[in-house]
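Grab a coffee and work through these short exercises with the structure open beside you. Each task is followed by a worked solution.

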Amino acid sequence: FFRACPHMEEGSERCLESETPLGMEMSDCAARANSVPPDAALPDASLPLWKPFLAMFLHFFALAITVPVYPLICLNTDFADGDPARGQLLFGYITAANAFFEFVSASVLGRLSDSYGRKPFAIVTQLGQVVDFMAAAYVSRYNIPSGHVLILFGRSVAGVAGNMNIFIRAYVADVTQSSGDQDSSKTRSFGRLGGTIGLSFILGPALGGYLGTHHGMHTTMAVSGMINLLNGVFVAVFMAESLSLDNRIAFSVKNAMPWCGLKLLSTSTALKIYAAMTLLDGLSLQLLASTLTIYTKTRFHWHPHQFVFLLIVFGITVAAAQALLAPWMQKTTSAQFCLQFGYATQSLGFLAIGANPFGVLLVPLVCALSLGSVSMPATQALATREVMSTQLGQLFGAFGILETLGRTLGPLVGGTVFAATIQGPVPGAAYFCGFAIMFPGVVLAFYIRRFTTCHLPKLPPGVTSVVSMDDMATPVPLMHGQEDTLPFMQPAP
């Protein structure tokens, strides 16, 4: 169906020449984007997307419910014994443990989902959250000795069980793979997926605070665990598997290691850029989230209800930006413009928040910054063009590694800068640091226009698309007489 790279070494993923005769990158000359193995069935585009959206909402809704009470449960363990410093230290430990085990498991589970489907591992993720939240509920209810050890165990199990984001994003990519306008469809779908996460963090903390105040913190955690359990049942019973048997690949432990997932992100210049953007997004978002509570209280003397209002407005704006604005921008302009607008808006937003001396202006500035989240679904949609349909789980597993790294380093960077400058002449220095993190994303958003992946035309009758990769068979020759009839898309000038 298409011309294989003439410099491809047999049995290898690597092009032996830096350029093909057409002047394309290796990812282009291998024509990997959205391609499938010989005789593979295309993904079923008729699968309803509201089901994975609902599963994602319930997962993050359950997580958001625990936000107001989980730190307080840590505070009441015998490890902390009511000491805020030790309570915060324990909460930091369990958060780091969860992030570490997610980092270790992301690539393995992503690769496993390419072999056995998305559903089984989405269910495992829910069960991991059940163990986590029920352990915290038990510790809170009975105040057992060494309860902090049980909490640490529960958070670690949830990390090993994986991140729901990996499997649901791969599921959505599977379903949108065979649509006519793939970039627009994927950006719209990933945007709506981000919108459901934003919606969950609008509703979840309010419910968690109510339950914790009126029914006890153990009730809050138990409700969250039950939501995860019901979500696992929903996925098992009502969601169809998105990955067809023909598109599955054999699992290899060697190829499932975290460094192999990161290696996938280095197979093309475009993927390297999308990976860098994903890391920058994670770093900046966690820097903001980890410092904004104390910043508003220290600099502007805000009361808790004012900060809750800011969170609600932020969640609404993020949901609207990803679910509505990103698809509209993709349709009327391009995915590249979404990246440029998103990173420029976020960079300027951090700069303005750091320089702002008035608390009343903080809400509109945070809203303006959150509009920049339109870049996230565009990044995910564009990245799926760079890999085969059999590598989507591995791709999002690798992205999960980078997001976990950002979730680990962002609070460390933000907290260090914040502690050193909040009482000085530049109390907003942490957000200037956020600007410095995001500005390279602006440069990359314009640089990415130089790289365009080869998109495959629709299959003519009797022709099968084939690629030569480590999990694929040897390429099938072009049909006789069609050698020069299927042009490649050249890199954008």
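**Exercise 1.** Find out which residues Tyr-274 touches, not counting residues up to four places away in sequence.

*Solution.* Keep in mind that this is a predicted model. Start at Tyr-274 and skip anything up to four places away in sequence. What's left is Leu-339, Thr-379, Leu-382, Ala-383, Glu-386, Phe-399 and Ile-448. Next, place Tyr-274 in its wider setting: the largest nonpolar core has 82 residues, and Tyr-274 and Leu-339 touch the most other members. Then ask who supplies this core: helix α11, residues 269-300, gives the most, with 13 residues. Finally, look for a core apart from this one: there is another of 18 residues, including Phe-57, Ile-73, Cys-74 and Ala-137.

**Exercise 2.** Decide whether Leu-127 is buried, partly exposed or exposed.

*Solution.* First locate Leu-127: helix α5 holds it. Now take its relative accessibility, 44%. Buried needs under 20% and exposed needs over 50%, so Leu-127 counts as partly exposed. Then check its company: Leu-127 joins Met-134, Met-226 and Leu-229 in a nonpolar surface patch, with about 310 Å² of accessible area together. Two elements, α5 (119-142) and α9 (217-238), each give two or more residues to that patch.

**Exercise 3.** Sum up the whole protein: what is its secondary structure, and what share of its residues is buried?

*Solution.* Count elements to begin with: 17 helices and zero strands. Turn to burial: 54% of the 493 residues count as buried. For the outside, the protein exposes about 20,600 Å², with carbon and sulfur atoms supplying 68% of it. Last, take contacts with a separation of 6 or more: residues 24 or more positions apart account for 83% of them.

Note on methods: Residues are numbered from 1 along each chain as its sequence is written. This is a predicted model: local features need pLDDT of at least 70, side-chain atom pairs count only at pLDDT 80 or more; totals for chains, interfaces and linings use all residues. Side-chain values use heavy atoms; hydrogens and water are left out. Patches are made of residues with over 30% relative accessible area and no salt bridge: like charges are joined within 9 Å, nonpolar side chains (Val, Leu, Ile, Met, Phe, Trp, Tyr) within 5 Å. Accessible areas come from the Shrake-Rupley method with a 1.4 Å probe; for residues, only the protein chains shown count as cover. A salt bridge is a side-chain nitrogen of Lys or Arg within 4 Å of a carboxyl oxygen of Asp or Glu. Helices (H or I, at least four residues) and strands (E, at least two) are DSSP runs, numbered from the N terminus. Buried means under 20% relative accessible area, exposed over 50%, partly exposed in between (1.4 Å probe, protein chains only). Contact means heavy atoms within 4.5 Å. A nonpolar core is a set of buried Ala, Val, Leu, Ile, Met, Phe, Trp, Tyr and Cys residues joined through side-chain atoms within 4.5 Å.
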